[in-house]
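Biologist: Let us go through this model together. I will ask, you answer.

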Amino acid sequence: MFYRSPEWKAVRDQVIIRDEGCDLGIQGKEIQGRVLIHHMNPITAEDIRARSEFLLDPEFLITTVHSTHQAIHSRRRVFTGVCAYCPEQERHLPLAALKR
């Protein structure tokens with residue numbers, strides 16, 4: 001399973017360190033409980049089967065808490081400067097481009 005692979009676990013740890021354990025990488029929003037890693041671009045089962053490159057690219061990942069992760073998926077909202085959850089046209093927009 002993808003989320004149990006050594007590659008995923010290594011990238012997950014890297015993202016948590018980069019984001020300093022903060023929700024959406026926002027300083028002062030330290031995560032006290034379980035940390036989730038959100039793929040900023042929608043992923044499909046086919047992406048996982050094909051091991052698409054962006055799945056393990058930290059530029060497309062960000063730390064979240066459960067409630068933030070649920071809000072992203074249930075409302076399909078854009079978190080300004082952090083999350084690019086837009087239909088297809090921004091599917092592979094990296095995090096660095098959003099922080100400009």
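Biologist: Is S5 buried or exposed?

Modeller: Keep in mind that this is a predicted model. S5 sits in the segment before α1. Its relative accessible area is 6%. The cut-off for buried is under 20%, so S5 is buried.

Biologist: Which backbone nitrogen does the side chain of S5 reach?

Modeller: The S5 side chain has polar partners in the backbone. A polar atom of that side chain lies 2.9 Å from the backbone oxygen of F2. At 3.1 Å, the side chain of S5 also reaches a backbone nitrogen, that of W8.

Biologist: Which helix gives the most to the largest nonpolar core?

Modeller: The largest nonpolar core has 12 residues in all. F2 and W8 are among them, as are V11, V15 and I16. The helix that gives the most to this core covers residues 6-18 and supplies 4 residues. That is helix α1.

Biologist: Which residues is V11 in contact with, leaving aside its neighbours within four places in sequence?

Modeller: V11 is one of the core residues. Contact here means heavy atoms within 4.5 Å. With the sequence neighbours set aside, the partners of V11 are L56, P58 and L61.

Biologist: In what order do the elements of the protein run from the N terminus on?

Modeller: The secondary structure comes to 4 helices and 2 strands. Read from the N terminus, the order is α-β-α-β-α-α.

Biologist: What share of the residues in the protein is buried?

Modeller: The protein has 100 residues. S5, for one, is buried. Over the protein, the buried share is 41%.

Key: Residues are numbered from 1 along each chain as its sequence is written. This is a predicted model: local features need pLDDT of at least 70, side-chain atom pairs count only at pLDDT 80 or more; totals for chains, interfaces and linings use all residues. Side-chain values use heavy atoms; hydrogens and water are left out. Buried means under 20% relative accessible area, exposed over 50%, partly exposed in between (1.4 Å probe, protein chains only). A nonpolar core is a set of buried Ala, Val, Leu, Ile, Met, Phe, Trp, Tyr and Cys residues joined through side-chain atoms within 4.5 Å. A polar contact is a pair of N or O atoms within 3.5 Å; within protein, one must be able to donate a hydrogen and the other to accept it, and residues adjacent in sequence count only if both atoms are side-chain atoms.
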